[in-house]
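Subject: Structure handover and notes

Hello,

Here is the structure we talked about handing over. My notes on what turned up follow below it.

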Amino acid sequence: MENPVSAARRRLTTDGPPRLRGGGQAGDFRAVSLPAHDCDLLRDLLLAERARTVVEIGLAYGASALAIGEALGPSGRHWAIDPFQKSAYDDVGWEAMTAAGLEKTTTLVREDSSVALPRLLHDGLRVDAAFVDGSHRFHEVFVDLYYLRKIVRPGGVIVLDDDVPPVQAALRYYVTNLGWTEIPSASPWRCTAIRLPDMLTEPSYEDFTPF
């Protein structure tokens, strides 16, 4: 028998969300959401990593969040950060999570990631992995990664959606200067998966390589 999370994923993929952002066109769901194939790869990566705790930036329609919930299972913990879940998406992503029974293991944080992440860090949150699909502006992605390198455990994984120049430029700093390494994927996808170093270190300001 199909479990509720897998069933919710299948419905969302097949039927799309019940409401679209701003009453927009059907293409908005495809443009915003991680494709089903990529959601499978995200789920499989988290399973291979044996991740039990995940921070996600950008809930939107809930496609990636459902895949994360499928990987974590009933004993995992998931923090989804999205300040626009109500105002832009009319809570449709959160409704999908609730319908799948994931409200018991998921905390929805309705704040900007630049506000939420330092607070969560201060509160002592540490997780196994993160999925980043929020703002695509360089400076905001850079700040997200700055805090996630302290929230995600050493040796953990950060996955970034959208291979666009601002996102890749922000990521390049950390790869070039802080020893982050890309995890090769067995199947092509639009995300970039990164392995953090085994130890969190702060380099000297003199040890800087232009990126």
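A cavity here is a set of points, on a 1 Å grid over the protein atoms alone, where a 1.4 Å probe fits but cannot get out; its lining residues have an atom within 4 Å of a point. By that rule, L42, L46, V54, I68, A129, A130, F131 and V159 line the second largest cavity.

Before the rest, two notes on provenance. This is a predicted model, in which local features need pLDDT of at least 70 and side-chain atom pairs count only at pLDDT 80 or more, while totals for chains, interfaces and linings use all residues. Residues are numbered from 1 along each chain as its sequence is written, and side-chain values use heavy atoms, with hydrogens and water left out.

Overall

The protein chain has eight helices and seven strands (DSSP runs numbered from the N terminus: helices are H or I with at least four residues, strands E with at least two). Its C-alpha atoms fill a box of roughly 55 × 35 × 35 Å along the principal axes. The radius of gyration is 17 Å, which agrees with the value near 17 Å for a compact globule of 211 residues (taken over C-alpha atoms; the globule rule is 2.2 Å times the number of residues to the power 0.38). Of the 211 residues, 50% count as buried (under 20% relative accessible area with a 1.4 Å probe, protein chains only; exposed is over 50%, partly exposed in between).

Cavities

The whole structure holds two cavities of 30 Å³ or more, where a volume is the space filled by probe spheres set on grid points joined across faces, edges and corners. The largest has a volume of about 60 Å³. Its lining includes V32, S33, L34, Y61, F131 and D133, and divides into seven nonpolar, four polar and one charged residue. For these classes, Ala, Val, Leu, Ile, Met, Phe, Trp, Tyr, Cys and Pro count as nonpolar, Asp, Glu, Lys and Arg as charged, and the others, Gly among them, as polar.

The second largest cavity encloses about 30 Å³. Its lining has eight nonpolar residues, with no polar and no charged ones. Helix α3 (36-49) and strand β4 (127-132) each supply at least two of the lining residues, and β4 gives the most, with three.

Aromatic rings

There are 11 aromatic pairs in the whole structure (rings of Phe, Tyr and Trp, the last by its six-membered ring, with centres within 6.5 Å; planes under 30 degrees apart are stacked, over 60 edge-to-face, the rest tilted). One of them is F29 with Y61, which is edge-to-face because the planes stand at 80°, with the centres 5.5 Å apart. F29 is in helix α2 (27-32) and Y61 in the loop between β1 (53-57) and α4 (63-72), 32 residues apart. F29 is buried at 14% relative accessibility, and Y61 is buried at 1%.

Y173 and F211 also pair edge-to-face, at 5.4 Å centre to centre and 70° between the planes. Y173 lies in helix α8 (165-178) and F211 in the segment after β7 (192-195), so the pair ties together parts 38 residues apart in sequence. Y173 is buried at 17%, whereas F211 is partly exposed at 38%. Ring pairs link both of these residues with F138, F142, Y174, W180 and F208 into a cluster.

Lastly, the charged end of R77 sits over the ring of W79, 5.3 Å from its centre (CZ of Arg or NZ of Lys within 6 Å of the ring centre and within 35 degrees of the ring normal).

Regards

How values were computed: On a 1 Å grid over the protein atoms alone, a cavity is a set of points where a 1.4 Å probe fits but cannot get out, and a pocket is an open set with protein on both sides within 12 Å along at least five of seven lines; lining residues have an atom within 4 Å of a point.
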